[in-house]
Amino acid sequence: MKYLVFLVAYAALAQQPAARILVAYHSETGHTEKLAQAIAKGAASVEGAEVTLRKTSDVKPEEIARYDGMVVGTPVHWANLTAETKRFLDQVGAALWAAKTNGDGRTAGAFCTGGGTAMGKDVARLSVLAAFLTMRFTVIGGVDSEGYGTLGPEATTGPADPGVSEKEQEEPRRFGERFARLTRQVRRQ
Ligand SMILES: Cc1cc2nc3c(=O)[nH]c(=O)nc-3n(C[C@H](O)[C@H](O)[C@H](O)COP(=O)(O)O)c2cc1C
């Protein structure tokens with residue numbers, strides 16, 4: 001009986017159309033782009049996920065409403081998200097409004113890189129997530145190596161911990177996988 005329930009649930013999931021996920025990022029010197037690539041890789045490893053990786057400046061307003069999940073990455077500029085990332089979030093809100101829809105049944109997440117260990121990475125990610133919450137998205141965070149929830153992947157890139165190491169790309173890969181899995185569950189029918 002248990003086996004039958006599992007088979008029916010599996011068949012129902014397998015029949016669903018792909019969950020379309022956008023990983024959009026702003027990056028001036030390539031650090032945030034590395035995290036974006038790792039997240040996209042993790043998300044693409046989930047069966048039934050269709051992943052698009054784009055610079056925020058390359059996302060066209062008319063494609064926004066087609067995504068079931070959106071992950072947005074920003075460098076920290078003056079302890080917050082960048083002006084470019086804010087412009088993109090405004091564009092997302094306007095596109096959904098124009099399409100007479102909202103974030104219900106869609107997921108969102110945030111990630112960032114910052115030069116300092118504690119100079120705005122939390123604020124930057126919370127700013128991204130606050131915009132998505134206001135648009136009615138279901139927000140998904142990450143899980144760190146000790147099992148605690150996080151605001152989303154991050155990396156320190158300044159003198160205390162230069163660049164984005166291979167190890168710092170593990171959390172974003174795991175996050176991408178978790179994000180895609182949960183998006184398949186949350187997605188509007
Ligand atoms: C104008 C400007 C302001 C910045 N302000 C901060 C800051 O407040 N806190 C911080 O941790 N890093 C700050 N940084 C460093 C960047 O966040 C960091 O180098 C980041 O990894 C760059 O990402 P990118 O390579 O994707 O552009 C700033 C960088 C610039 C150019």
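In this predicted model, a polar side-chain atom of Thr32 sits 2.6 Å from an oxygen atom of the ligand. Two other residues make similar approaches: His31 brings a backbone N or O atom to 2.9 Å from a ligand oxygen, and Thr113 places a side-chain N or O atom 2.7 Å from an oxygen atom of the ligand. The protein covers 78% of the 640 Å² of accessible area that the ligand has on its own.

Looking at the wider surroundings, 17 residues lie around the ligand, and Ser27, Glu28, Thr29, Thr32 and Val76 come nearest. Helix α2 and strand β4 each contribute at least two residues to this shell.

Helix α2 deserves a closer look. The helix runs over residues 31–44, and its 14 residues should span 20 Å at 1.5 Å a residue; the end C-alpha atoms are 20 Å apart, so expectation and model agree. Thr32, met above at the ligand, is buried, as are Leu35, Ala36, Ala38, Ile39, Ala40, Gly42 and Ala43. How does such a list fit a helix? An α-helix has 3.6 residues a turn, so residues three or four places apart point the same way. And what covers the buried residues of α2? The cover includes strands β1 (19–25), β2 (49–55), β3 (69–75), β4 (107–114) and β8, together with helix α5 (170–186).

Now to the charged pairs. The structure holds eleven salt bridges, including the three in this table.

| Salt bridge | Closest N and O atoms |
|---|---|
| Arg54 with Glu63 | 3.2 Å |
| Lys121 with Glu154 | 2.9 Å |
| Glu166 with Arg173 | 3.1 Å |

The Lys121 and Glu154 pair links distant parts of the chain: Lys121 belongs to helix α4 (residues 121–134) and Glu154 to strand β8 (residues 154–156), 33 residues apart. Buried or exposed, how does Lys121 count? Lys121 counts as buried, because its relative accessibility is 6% and the cut-off is under 20%. Its partner Glu154 is partly exposed, with a relative accessible area of 29%.

In the Arg54 and Glu63 bridge, Glu63 counts as buried at 10% relative accessibility, while Arg54 is partly exposed, with a relative accessible area of 29%.

The third bridge pairs Glu166 with Arg173. Here Glu166 is exposed, with a relative accessible area of 51%, and Arg173 is partly exposed, with a value of 23%.

Terms used. Residues numbered from 1 in each chain as written. Predicted model: local features only at pLDDT ≥ 70, side-chain atom pairs only at ≥ 80, totals over all residues. Heavy atoms only, no water. Salt bridge = Lys/Arg side-chain N within 4 Å of Asp/Glu carboxyl O. Buried < 20%, exposed > 50% of the residue type's maximum accessible area, 1.4 Å probe, protein only. Helix = DSSP H or I, 4+ residues; strand = E, 2+ residues; numbered from the N terminus. Expected span 1.5 Å × (residues − 1). Contact = heavy atoms within 4.5 Å. Near = heavy atom within 4 Å. Polar contact = N/O pair within 3.5 Å; in protein donor to acceptor, adjacent residues only side chain to side chain. Areas by Shrake-Rupley, 256 points an atom, 1.4 Å probe, with all protein chains shown as cover.
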